[in-house]
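Student: Please take a close look at one spot in this structure with me. Start with the whole chain, then zoom in.

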Amino acid sequence: MITIIGAGPIGNYTAKLLAKQGHKVKVFEDHKEVGKPIQCTGITTAFLQDLIKIKKEFMVNTITRTKVYSPNQEAVEIPLKKNFVVDRTLFDQSLAEEAKSEGVEYAVGHKYTHCVQKEKITAHFTNGKKVESDYLIGADGPLSAVAKSNDLYGKRTFIIGHQARVKIDCEKDLVDFFLGEGYFGWLVPETEKIARIGICSLSTPKKYFDSLMKKRKGKILEWQSGIIPLYNPKLQAEKDNIYLIGDAATQVKATTLGGIIPGMLAAQSLGKAISEGKSYQKLWKKGIGKELKTHLLIHSLMQKFKNKDYDRLIQLVKQERVKNAITEHDREFPSKLLLKLLLREPRFLQYTKFLF
Ligand SMILES: Cc1cc2nc3c(=O)[nH]c(=O)nc-3n(C[C@H](O)[C@H](O)[C@H](O)COP(=O)(O)OP(=O)(O)OC[C@H]3O[C@@H](n4cnc5c(N)ncnc54)[C@H](O)[C@@H]3O)c2cc1C
C-alpha cells in the first residue's frame with residue numbers, strides 16, 4: 001500500500017502511474033476540494049501531450065507566439081510550438097478522476113502532520129486519523145510537511161509568484177514576458193478580454209506587479225498568488241521508503257518557474273523506482289534533474305544581468321537563425337537548446353562572464 005500526501009497535479013499523476021502498475025494507492029489532501037485554490041498560471045509546453053491526454057474540459061487557451069521585452073522595452077517576437085493554458089482546478093480534478101479510474105482512493109480534508117516508521121510507515125493527520133502503508137510519498141507542495149517531518153526539507157529558497165486574473169484587451173494567442181520585472185513578469189491570455197498577469201521575485205512583489213500594471217492597464221478580477229521553490233540540486237528526495245516529488249522536492253524549472261511537467265517526469269522515475277526496486281534519487285537526477293540543473297545555471301546567470309545585458313540579449317535573439325532554434329526546441333529541455341544557440345550565435349558566449 002502506498003500513501004500519497006497532496007492531491008496537486010503531481011500527487012494525482014503519481015497516484016495514477018503507481019495504480020496502473022498494480023499498487024494499492026491512497027491520496028490524502030488537506031483541502032476540502034481538489035484543485036482549489038488556484039495559485040498558478042497554468043501554461044505548459046506542448047510536451048504535456050506526450051504525458052497525458054489533453055482534454056477539452058480543462059483547456060482554456062492555446063498559445064502560438066511569445067513576445068519578450070527587456071526593461072528598456074526592446075522586444076522580440078518568437079513563434080512557439082503550441083503551448084497549452086489550463087484551468088488548474090479542472091486540470092487537477094481531471095488528473096484525480098483518471099487516478100480514481102485506476103482504483104486510487106482519495107480522502108480530502110486530511111492534513112498530514114508526521115509519520116512513525118517501524119516495519120510499516122504510519123502517517124498521522126490533524127483529525128486524529130492514522131494510516132499505515134509500505135511507502136509514503138510527499139507531493140504536498142513547496143512547504144512539504146512530509147519533507148519537514150522526515151529531515152528531508154534541506155535548504156529552500158522561495159520565489160513569490162504574484163498573479164491576478166485581469167480584465168484587459170490582449171491578443172489571444174500571444175504570451176508576453178517582461179524580463180527584469182522582479183525576475184520576470186508575464187501576461188498569459190485566457191481570451192481576448194481576460195489574462196493572467198503576474199511577476200515573480202524574491203521580495204517586494206507588489207512593487208513589481210504595480211509597475212507592470214502601469215504599462216498594461218486592466219481591472220483585477222481575482223488574485224492567484226503563491227510561492228515557488230527554487231530548484232535545490234543538493235536536495236535529498238528519498239529516505240528509506242519515503243519520497244518527495246514535485247514542488248515538495250523543488251523540481252521546478254528555475255528559468256520559467258514551471259513545475260507541472262518536471263514533476264510529472266519525476267513521477268515516471270518514482271514509478272520505475274518503486275516497481276523495479278531502484279533508487280528514485282538516482283533515476284530522477286539522471287533524468288529531469290540534469291535539465292533542472294541547466295535551468296538553474298541560466299537563472300543564476302540572468303540574476304547578474306543589468307538592463308543593457310537584457311537589451312543585447314534581445315538583439316541577439318532577433319536573428320532568424322536564433323529564433324528558429326528557440327521555436328524548434330522545447331523549453332523543458334534547455335541543454336540541447338543552449339548548445340544549438342552557441343553554434344548558431346557564438347556571441348551568446350559573452351554571458352559566460354557572469355559565471356565567474
Ligand atoms: C503564481 C504561480 C504561477 C505558476 N505558473 C506556472 C505555470 O504557468 N506552469 C507551471 O508548470 N507551473 C507553474 N507554477 C508552479 C506550479 O504551480 C507548481 O509547480 C505545481 O503546482 C506543483 O504541483 P505539486 O502537485 O507538486 O504541488 P501543489 O500544486 O502545491 O499541490 C500540493 C497539494 O498538497 C496539499 N497539501 C499541502 N500540505 C499538505 C498536508 N500537510 N497534508 C495534506 N495535503 C497537503 C495542498 O493542499 C495541495 O493540494 C506556478 C506557481 C505559482 C505560485
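**From the whole chain to one residue**

Tutor: The protein chain has 10 helices and 18 strands. Its radius of gyration is 20 Å, close to the 21 Å that the globule rule gives for 356 residues, so the chain is as compact as a globular protein of that length. Keep in mind that this is a predicted model. Along the principal axes, the C-alpha atoms fill a box of roughly 60 × 45 × 35 Å. Of the 356 residues, 42% are buried. Now look at the contacts with a separation of 6 or more: 68% of them link residues 24 or more positions apart.

Our close look is at phenylalanine 177. Find this residue in strand S12. That strand covers residues 174–179. Is phenylalanine 177 buried, exposed or partly exposed? Count the other C-beta atoms within 10 Å: there are 17. A buried residue needs 20 or more, and an exposed one has 12 or fewer. The count of 17 lies in between, so phenylalanine 177 is partly exposed.

Which residues does phenylalanine 177 touch, once its neighbours within four places in sequence are left aside? The contacts are Thr66, Val68, Tyr69, Phe184 and Trp186. Take tyrosine 69 as an example. In sequence, tyrosine 69 and phenylalanine 177 are 108 residues apart. In space, their C-alpha atoms are 6.2 Å apart.

Next, see how the strands account for this neighbourhood. Strands of a sheet pair through backbone hydrogen bonds, either parallel or antiparallel. Strand S12 shows both kinds of pairing.

Begin with strand S4, residues 59–69. S4 and S12 run parallel and are joined by five bridges. Valine 68 stands opposite phenylalanine 177 here. Threonine 66 also has a partner in S12, standing opposite valine 175. Both Thr66 and Val68 are on the contact list of phenylalanine 177.

Then turn to strand S13, residues 184–189. S12 and S13 run antiparallel, with four bridges between them. Which residue of S13 is the bridge partner of phenylalanine 177? That is tryptophan 186. The two strands form a hairpin, with four residues between them. In this hairpin glycine 180 takes a positive phi near 85°.

Follow S4 away from S12 and you reach strand S5, residues 75–86. S4 and S5 run antiparallel over nine bridges. Threonine 66 appears again, with isoleucine 78 as its bridge partner in S5. S4 and S5 also make a hairpin, with five residues between the strands. There, glutamine 73 takes a positive phi near 70°.

Now step back to other sheets. One is an open sheet of six strands, ordered S6-S2-S1-S10-S18-S17, with mixed pairing. Its edges are S6 (105–108) and S17 (238–239), and each of them pairs on one side only. Inside this order, S1 (residues 2–5) and S10 (residues 135–138) run parallel over four bridges. Isoleucine 4 stands opposite isoleucine 137 there.

Another open sheet has three strands in the order S7-S8-S9, paired antiparallel. S7 (112–117) and S9 (130–133) are its edge strands, each pairing on one side only. From one strand to the next, the twist averages 25°. Five bridges link S7 to S8, residues 121–125. One of the pairs is valine 116 with threonine 122 in S8.

Last, the ligand. How many residues are around it? There are 39, and Gly6, Gly8, Gly161, Gly246 and Gly259 come nearest. Several elements each supply at least two residues of this shell, among them strand S2 (25–29), strand S11 (158–167) and helix H6 (260–276). Helix H1 (9–20) is also one of them. H1 gives the most, with three residues. By type, the shell has 15 nonpolar, 19 polar and five charged residues.

Now return to phenylalanine 177. This partly exposed residue faces valine 68 and has tryptophan 186 as its bridge partner in S13.

Definitions and conventions
Residues numbered from 1 in each chain as written. Predicted model: local features only at pLDDT ≥ 70, side-chain atom pairs only at ≥ 80, totals over all residues. Rg over C-alpha atoms; globule rule 2.2 N^0.38 Å. Contact = placed C-beta atoms within 7 Å. Pairing = 2+ DSSP bridges. Axes fitted to C-alpha atoms, helices over the stretch in contact; angles between N-to-C directions. Near = placed C-beta within 6 Å. Nonpolar A, V, L, I, M, F, W, Y, C, P; charged D, E, K, R; others polar.
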